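Q: I would like to take a close look at a single part of this structure, namely the place where aromatic rings come together. Could you walk me through that part slowly, and then through what surrounds it?

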Amino acid sequence: MSVDKVKTYLQQWDRAKDVLEFPASSATVQLAAEALHVIPARIAKTLSFKGKEEKGILIVAAGDAKIDNAKFKRCFGLKAKMLTPEEVLAYTGHTVGGVCPFAIEDSRVECYLDVSLQRFATVYPAAGSSNSAIELTCDELERCCGANFAAWVDVCKAWQSEQ
């Protein structure tokens with residue numbers, strides 16, 4: 001999926017014009033933070049996991065947060081197992097480095113937002129390519145996840161000391 005498809009999707013909220021594209025890669029938290037001139041924690045990274053019954057689970061978390069395996073298991077009833085790059089593309093339509101919770105047409109994918117994001121007024125998720133992002137409030141991020149949004153969760157660690 002290209003950034004153009006994400007822009008088309010975001011147009012329903014008049015946000016396509018707000019997608020930022022960079023001349024260099026923003027495929028990692030560090031690269032995105034450098035491109036945006038923000039602290040890495042404000043990058044809303046999207047992590048892709050295998051769910052039950054052939055479902056995909058997307059967790060959007062702050063750039064400084066790490067999945068806490070015990071919390072993940074309590075929340076979802078299974079061990080955290082990341083999708084392969086091929087599975088990520090098949091489930092989300094996005095390639096690794098540009099995965100975001102937008103314009104996902106597969107109803108088997110559920111998108112969860114981690115509470116680690118809520119300490120910021122705005123965050124920067126990718127926008128469908130390895131050199132794009134968009135600035136959103138947490139409410140806007142939730143809304144833009146669309147039909148795939150499932151819930152806010154607390155499945156990360158290592159970020160609380162940054163508050």
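A: Let us begin at one end of the sheet and work towards the rings, keeping in mind that this is a predicted model. In this model D114 stands opposite V153 in β8, and this contact belongs to the pairing of β5 with β8, which runs in the parallel sense over four bridges. Strand β5 also pairs with β3, again in the parallel sense, here over five bridges, and V60 stands opposite L113 in β5. Five of the six residues of β5 are buried, so this strand is largely enclosed by the rest of the structure.

These strands belong to an open sheet of five, in the order β6-β2-β3-β5-β8, with mixed pairing. Its edge strands are β6, residues 124–125, and β8, residues 149–153, each of which pairs on one side only. At the β6 edge, β2 and β6 pair in the parallel sense over two bridges, and A44 stands opposite P125 in β6. As a general point, the side chains of a regular strand alternate between the two faces of the sheet.

Helix α3 lies across β2, β3, β5 and β8, and it runs at about 135° to β3. With the helix and the sheet in place, we can turn to the rings themselves.

A search of the whole structure finds four aromatic pairs, and two of them can be followed here in detail. The rings of F49 and F72 have their centres 4.9 Å apart and their planes at 50°, so this pair is tilted, since an angle that is neither under 30 degrees nor over 60 counts as tilted. The pair links distant parts of the chain, because F49 sits in strand β2 (residues 43–50) while F72 sits in helix α3 (residues 69–76), 23 residues apart. Both F49 and F72 are buried.

From F72 we can step along to another ring, for the centres of F72 and F76 are 4.7 Å apart and their planes stand at 50°, so this pair is tilted as well. Here the two partners both lie in helix α3, four residues apart, which is about one turn of the helix. F76 is buried, as is F72.

Taken together, F49, F72, F76 and Y112 form one aromatic cluster. To picture this part, then, you can start from F49 in strand β2, cross to F72 in helix α3, and continue within that helix to F76, remembering that Y112 belongs to the cluster too.

Note on methods:
Residues are numbered from 1 along each chain as its sequence is written. This is a predicted model: local features need pLDDT of at least 70, side-chain atom pairs count only at pLDDT 80 or more; totals for chains, interfaces and linings use all residues. Side-chain values use heavy atoms; hydrogens and water are left out. Rings of Phe, Tyr and Trp (its six-membered ring) pair if their centres lie within 6.5 Å; planes under 30 degrees apart count as stacked, over 60 as edge-to-face and the rest as tilted. Buried means under 20% relative accessible area, exposed over 50%, partly exposed in between (1.4 Å probe, protein chains only). Two strands pair if DSSP finds at least two bridges between them. Contact means heavy atoms within 4.5 Å. Axes are lines fitted to C-alpha atoms, for helices over the stretch in contact, and angles run from 0 to 180 degrees between N-to-C directions.
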